[in-house]
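Trainee: Can we go through the charged side chains in this one together? I'd like to see how you reason about them.

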Amino acid sequence: MGSEARKAVVLFSGGLDSATVLALAREQGFALHALSVAYGQRHDAELAAARRIAERAGVVEHRLIQVNLDAFGGSALTDRRIDVPETPSEGVPVTYVPARNTLFLSLALGWAEVIGARDIFVGVNAVDYSGYPDCRPAFIEAFERLARVATKAGAEGQSFVVHAPLIKMSKADIVRTGTRLGVDYAQTVSCYQADAEGRACGRCDACRLRREGFAAAGLADPTRYVGQR
C-alpha cells in the first residue's frame, strides 16, 4: 500500500460484518486504522478474534479502547442478569445496547480527527438485522451531520464520510462479498453468548442470522459451535 493512501478508521468488533467491512475498506485502498471497543460485553471473545484478524489484515494500527457500558446495564449484552433471548421477538430486542453505535462512532470520529482521516467505516446493516435503531440509514446520515458541526475539522470546512457499505445488503450478500475478498469467517465471532474459546451457542439472534446467511449464500458455515470438536 502506497504512502499516499487515504487513512480510514474502521470500527472492528471481530464479527462477520465488521470483518467484511475491513476487507472492503482494504479493497478500496485505504490505510486501515482498526478500532475495537471493550464495553463490558458478555461475548468478549470477539475481541480476541478482532486481534487475530487485524494482525493478518495488514492494518496500520489496531486500537482497543475500554468503555464500561456494563456500569449502566440495560442490555442483555452488558447485564448478565438479563438472559440473551434464543427465539425471535417483536420490536427492539433486549440485546440492544443503548447508544452503543453513537458512542462507537464518536470514538472513531475523535481518532479520525487526530490522525487526519476523513473516512470512517462501520458494519451496520438494516436488512438482515435485529431491529436496532442505530443500524438504519437515517442514523448514519444524522451522524455525518453531527460530525460537521462537532469537530474542529468540520468548522474549518472539512467533512467526514461515514461509510456503511453493508447497510442495504442481505446477510447472504455480505457473506458472498467477504468470501470473494478472502475473509476467513471461521476466525470471526458473532454469537451474543460465545464461550471463552469463541464457540457459538447456535441459538441467539446473531447465530440465527449468521447461519441463515451462509445457507442463503449456498456456502458452508464455518462457525464453531459449543459441543463441536
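Mentor: Sure! A patch is made of residues with over 30% relative accessible area and no salt bridge, with like charges joined within 9 Å. Keep in mind that this is a predicted model.

Trainee: Which residues form a positive surface patch?

Mentor: Arg counts as positive, so that's the kind of residue to look for. One member, R52, sits in helix α2, residues 45–57, and is partly exposed at 31% relative accessibility. The whole patch is R51, R52, R56 and R224.

Trainee: How many residues apart in sequence are the parts that D17 and K171 tie together?

Mentor: First, D17 and K171 form a salt bridge, with their closest N and O atoms 3.0 Å apart. D17 belongs to helix α1 (residues 16–27) and K171 to helix α6 (residues 171–180), so the parts tied together are apart by 154 residues.

Trainee: Does K171 count as buried or exposed?

Mentor: Buried means under 20% relative accessible area. Its partner D17 has 17%, so D17 counts as buried. K171 has 9%, so K171 counts as buried.

Trainee: Which helix holds both R208 and D205?

Mentor: These two form a salt bridge, 2.4 Å between the closest N and O atoms. They're three residues apart, about one turn of the helix, and both lie in α7.

Trainee: Which residues are joined into one network by salt bridges that share partners?

Mentor: Start with R199 and D195, whose side chains meet in a salt bridge at 2.7 Å, N to O. With shared partners, the network is D195, E197 and R199.

Definitions and conventions
Residues are numbered from 1 along each chain as its sequence is written. This is a predicted model: local features need pLDDT of at least 70, side-chain atom pairs count only at pLDDT 80 or more; totals for chains, interfaces and linings use all residues. Side-chain values use heavy atoms; hydrogens and water are left out. Patches are made of residues with over 30% relative accessible area and no salt bridge: like charges are joined within 9 Å, nonpolar side chains (Val, Leu, Ile, Met, Phe, Trp, Tyr) within 5 Å. Accessible areas come from the Shrake-Rupley method with a 1.4 Å probe; for residues, only the protein chains shown count as cover. A salt bridge is a side-chain nitrogen of Lys or Arg within 4 Å of a carboxyl oxygen of Asp or Glu. The place of a charge is taken as NZ of Lys, CZ of Arg, CG of Asp or CD of Glu. Helices (H or I, at least four residues) and strands (E, at least two) are DSSP runs, numbered from the N terminus. Buried means under 20% relative accessible area, exposed over 50%, partly exposed in between (1.4 Å probe, protein chains only).
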